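Work through the exercises below with the sequence and the structure open. Each task is followed by a solution in steps.

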Amino acid sequence: MSFEHAQEESYLVQLEELAILTRANEVGIRVSEEEAQVVINQTKEAIESKNVDNWQETKESIDEQIQELGISEEEYWNEFLIEPYQQTLMRQHLMEYEQKEYPKLSWNERREQLIEQFKQREAEQIAEFKEEAGL
């Protein structure tokens, strides 16, 4: 994969993520730090109690990430993961919301609609960003 292709792929993933999180905000989906922390604690507990199929690999990967970040294990579980988990939970809640609102569409079909609507609505800003980023 060329560098340019990798850049374009990365851009598209980020654009899709922004479209989904924007939609979640538009319909009033919010996830508190506390809600995210509950799920983080459940995940941590499952790994520590070896209730995850690949718990050892997962634990090793987490330990490597903690070391690379130069943070403590406590900071990892109680600070670093908050925002990613909030975003993950927002996506999950949005999927549930959209499936109720549009029961005849699969989540993938509705997700694609949302992304296209976002691209159309934000076309000018997207073009400016791509120009500034050299994409």
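Buried means under 20% relative accessible area, exposed over 50%, and partly exposed in between (1.4 Å probe, protein chains only). Helices are DSSP runs (H or I, at least four residues), numbered from the N terminus. This is a predicted model, in which local features need pLDDT of at least 70 and side-chain atom pairs count only at pLDDT 80 or more, while totals for chains, interfaces and linings use all residues. Residues are numbered from 1 along each chain as its sequence is written, and side-chain values use heavy atoms, with hydrogens and water left out.

**Exercise 1. Confidence**

State the average pLDDT of the protein, and find which element has the lowest mean and which the highest.

Solution. pLDDT is the predictor's confidence in each residue, from 0 to 100.
- Step 1: the protein averages 91, and 100% of the residues score at least 70.
- Step 2: among the elements, helix α7 (residues 123-133) has the lowest mean pLDDT, 83, and α5 has the highest, 96.

**Exercise 2. The two sides of α2**

Determine which residues of α2 are buried and which exposed residues lie on the face turned away from them.

Solution.
- Step 1: compare the span with expectation, which is 1.5 Å times one less than the number of residues. With 16 residues, α2 reaches 22 Å from its first C-alpha to its last, close to the 22 Å expected.
- Step 2: list the buried positions, which are Ala36, Gln37, Ile40 and Ile47. They cover an arc of only 100° around the axis, which puts them on the same side of α2; the arc is that of the directions from the helix axis to the C-beta atoms.
- Step 3: recall the helix geometry. An α-helix has 3.6 residues a turn, so residues three or four places apart point the same way.
- Step 4: turn to the opposite face, where the exposed residues are Glu34 and Glu45.
- Step 5: find the packing partners. The buried residues of α2 pack against α3 (55-69), α4 (73-80) and α5 (82-101).
- Step 6: look past the end of the helix. Lys50 follows α2 and has a positive phi, near 65°.

**Exercise 3. Gln37**

Is Gln37 buried or exposed, and which residues does Gln37 touch?

Solution.
- Step 1: place Gln37 in helix α2, residues 33-48.
- Step 2: apply the cut-off. Gln37 counts as buried because its relative accessible area is 14%.
- Step 3: list the contacts (heavy atoms within 4.5 Å). Not counting residues up to four places away in sequence, Gln37 touches Trp77, Asn78 and Ile82.

**Exercise 4. Arg23 and Leu94**

Show that Arg23 and Leu94 are in contact, and give the accessibility of each.

Solution.
- Step 1: Arg23 lies in helix α1, and Leu94 is found in helix α5.
- Step 2: Arg23 counts as buried at 17% relative accessibility, and Leu94 is buried at 0%.
- Step 3: leaving aside neighbours within four places in sequence, Arg23 is in contact with Leu94, Tyr97, Glu98, Tyr102, Arg110 and Leu114.
- Step 4: with the neighbours within four places again left aside, the contacts of Leu94 include Arg23, Ile20, Trp107 and Leu114. Leu114 thus appears in both lists.
- Step 5: the C-alpha atoms of Leu94 and Ala19 are separated by 12 Å, with their positions 75 residues apart along the chain.

**Exercise 5. Cavity and pocket**

Give the volume and lining of the largest cavity and of the largest pocket.

Solution. On a 1 Å grid over the protein atoms alone, a cavity is a set of points where a 1.4 Å probe fits but cannot get out, and a pocket is an open set with protein on both sides within 12 Å along at least five of seven lines; lining residues have an atom within 4 Å of a point. Grid points are joined across faces, edges and corners, and a volume is the space filled by probe spheres set on the points.
- Step 1: one cavity of 30 Å³ or more is counted, and the largest cavity has a volume of about 40 Å³.
- Step 2: the lining of the largest cavity consists of Lys44, Ile47, Glu48, Lys59, Ile62, Glu73 and Trp77. α2 gives the most, with three residues.
- Step 3: the largest pocket holds about 180 Å³ of space. Its lining residues include Tyr11, Leu18, Phe118 and Phe129.
- Step 4: α1 (3-26) and α7 each give two or more residues to that pocket lining, and α1 gives the most, with five.
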